[in-house]
Amino acid sequence: EAIPSPVRLRHVVSMLARVHSAALTGVDGFPVRVEVNVSRGLPSFAVVGLPEGVVREGRERVLTGLANAGYPIPPRRITVNLAPADVRKDGSALDLPIAVGLLAATDLVPTQSVEGLGFYGELGLDGRMKPVRGTLAAVSTMREAGLSAVILPGAAAAEGALVRGVRVRGADSITEVVGHLTGRSPLPLKEPEEAWERAGTDRRPGRWEVIDSIRGQPGALRALEISAAGGHNLLMVGPPGTGKTLLARGLAELLPAMSRSEALDVTRVRSASGLPMPPGGVVWERPFRAPHHTVSHAGLLGGGPTLGPGEATLAHRGVLLLDELPEFSRRALEALRQPLEDGWIRLARARGRVTLPARFVLVAAMNPCPCGYAGSDALGQECRCDPMKIARYRTRISGPLMDRIDLQVHVRTVSPADLLARVEPRATVAERAARVGRARTVQRLRYRDLDGVECNADLQGGLLDGRIQLDPKARESLTAAATALGFSARACHRILRVARTISDLDGDARVSEPAVLEAAQYRKSPCFS
């Protein structure tokens, strides 16, 4: 069937078409209805509904892309409304729905063919389709809005097909979209990739390059194991050159493989951030983010003109490394207190409000003093900082922030004998990873009836009594330690969670006294005592 000619429009006063799409705010989407009206009058192209600069520029991409693909739009008065009209829209993903709306309003495709369909993608000047950020969030939003099928750029179809309950079709050009809407050449359905069945294969078991190279730090390795098993935050204090950064990177290797829901969360965040996506559309490797200490408040927590995610959100379900912790701005560090407790970042700005996920394991590293050698017993490493200078340096880290770090360990200088010793056997490293995996499995089963609780670190204070069973001696020891050392209520709760993790590593159903004593000793680094 031949495509109707635009000449038929010369006697038409006005035509209206409605197309469904979505836009991003933070890492989530919201539905957008694109209303395109083509009428008589002086030729113009107006986009209303609070479009940002990229959306307004899309009219040039759309008109040129349609013309080069063989679908020139006649000179008419064109009005595009992006509903809801009181919410700002940003990004180039609205190019495709605007183009389809123009085609429907000019009778180049049947108006009823776009009903129940969602469109999301950028249009090039040659009429080709380009993928954009946030495909996973947009498809989820359109499914929740009641749409049963979505048309995406071919390169983004694998990512969109991860959303269950919606049929996804990929097109490489606007010509293919027109062929599908007119019924001449239907687009094939994009089946979900085999990535879900290949869970964890991208994180190959036994890949412990960093852990294998760590020598002479048994105490720090024990803290890494506890942190990975329970999702606990970790602070390492020690002289420069002791391997603090190396240990932090080793934590990412000890963390267990992500579940399907965790992988979907990480994929959504990465897609919405515009970072490169893997070929299968699923991110299986846990994130590891290590921002420089000059990072801004918005760069760490999120925000900016588009209220986009920061490093804390990009580390969601993974590890956030803050090396040289006292060198970060005080404002940025203090803003981490709420996400460390809740796992969310809630931004309220003049441009809107957004909630960003930020459930990560914080690993921080710092020197004990400005010169770095306070408390060092190595030959030739003597601290020359005066006490006032050391005190000012350490007070850059506030007490409330330190109170939210479960494990605080001192990393000592490695002796030449340990440095030249044989690397820890791979079997021992594998045993550590196996213990971490078993402990995480026990925790998932224990908290399977609690929403948002997957490991011991997620357990909030009100649930501790019913989920953590203490031996009588363990309770007495915790009471004595809290009284003698002046622990806060938050500190006591965190000691309980760490003790529960230690008991899970040891395979104990109840929290024993040795587990409580070990957890209590991690509450304050020797450098801060």
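Here are some questions and answers about this predicted model.

Q: How many helices and strands does the protein have?
A: Let's start with the overall make-up. Of the 529 residues in the protein, 52% are buried. The secondary structure comes to 21 helices and 16 strands.

Q: What share of the contacts with a separation of 6 or more comes from residues 24 or more positions apart?
A: This one looks at how distant parts of the chain meet. Among contacts in the protein with a separation of 6 or more, residues 24 or more positions apart account for 74%.

Q: What percentage of the exposed area do carbon and sulfur atoms supply?
A: The protein exposes about 23,200 Å². The part of that area supplied by carbon and sulfur atoms is 52%.

Q: Which residues of strand β3 point to the buried face?
A: In a regular strand the side chains alternate between the two faces of the sheet. Strand β3 (residues 44-48) shows such alternation: S44, A46 and V48 point to one face and are not buried. The residues that point to the other face and are buried are F45 and V47.

Q: Which residue in β4 is the bridge partner of F45?
A: Strand β3 pairs with strand β4 (residues 77-83) in the parallel sense, over five bridges. Within β4, the bridge partner of F45 is I78.

Q: Is the β-α-β crossover from β3 to β4 left-handed or right-handed?
A: The chain leaves β3, passes through helix α1 (residues 53-68) and arrives at β4. A path running clockwise from the first strand over the helix to the second, with the strands pointing away from the viewer, would be right-handed. This β-α-β crossover is left-handed.

Q: Is L50 buried, partly exposed or exposed?
A: L50 is found in the loop between β3 and α1. Although L50 is not a glycine, its phi is positive, about 55°. Its relative accessible area is 35%, and buried would need under 20% while exposed would need over 50%. Therefore L50 is partly exposed.

Q: Is R317 buried or exposed?
A: R317 sits in the loop between α11 and β12, and its phi is positive, near 70°, in a residue other than glycine. Its relative accessible area is 15%, and the cut-off for buried is under 20%. So R317 is buried.

Q: What is the omega of the cis peptide bond that joins A83 and P84?
A: Most residues other than glycine have a negative phi, and most peptide bonds are trans. P84 lies in the loop between β4 and α2 (95-105). The bond joining A83 and P84 is cis, with an omega of about 5°.

Q: Which are the edge strands of the open sheet of five strands?
A: The sheet has the order β11-β12-β15-β10-β16, with parallel pairing. Inside that order, β12 (residues 319-323) and β15 (residues 361-366) pair over five bridges, and L320 stands opposite L362 in β15. An edge strand pairs on one side only, and the two that do so are β11 (288-289) and β16 (407-410).

Q: How far apart are the end C-alpha atoms of α19?
A: Helix α19 has 14 residues, and at 1.5 Å a residue they should span 20 Å. The value in the model agrees with that expectation: the end C-alpha atoms are apart by 20 Å.

Q: What arc do the buried residues of α19 cover around the axis?
A: The buried residues in α19 are A474, S477, L478, A481 and A482. They are on the same side of α19, because the arc they cover around the axis is only 130°.

Q: Which helices do the buried residues of α19 pack against?
A: The face turned away from the buried side of α19 carries the exposed residues P472, K473, E476, T483 and A484. On the chain, α19 is followed by G486, whose phi is positive, near 70°. The buried residues of α19 pack against α20 and α21.

Q: What covers the buried residues of α21?
A: In helix α21 (residues 513-521), the buried residues are A515, V516, E518, A519 and A520. Their cover includes α7 (218-230), α19 (472-485) and α20 (489-506).

Q: Which residues does L246 touch, not counting residues up to four places away in sequence?
A: L246 is found in helix α8 (residues 244-254) and is partly exposed, with a relative accessible area of 34%. L246 and I211 are 35 residues apart in sequence, yet their C-alpha atoms are 8.2 Å apart in space. The residues L246 touches are V210, S213 and I214.

Methods
Residues numbered from 1 in each chain as written. Predicted model: local features only at pLDDT ≥ 70, side-chain atom pairs only at ≥ 80, totals over all residues. Heavy atoms only, no water. Helix = DSSP H or I, 4+ residues; strand = E, 2+ residues; numbered from the N terminus. Buried < 20%, exposed > 50% of the residue type's maximum accessible area, 1.4 Å probe, protein only. Contact = heavy atoms within 4.5 Å. Areas by Shrake-Rupley, 256 points an atom, 1.4 Å probe, with all protein chains shown as cover. Pairing = 2+ DSSP bridges. Expected span 1.5 Å × (residues − 1). Arc of directions from axis to C-beta.
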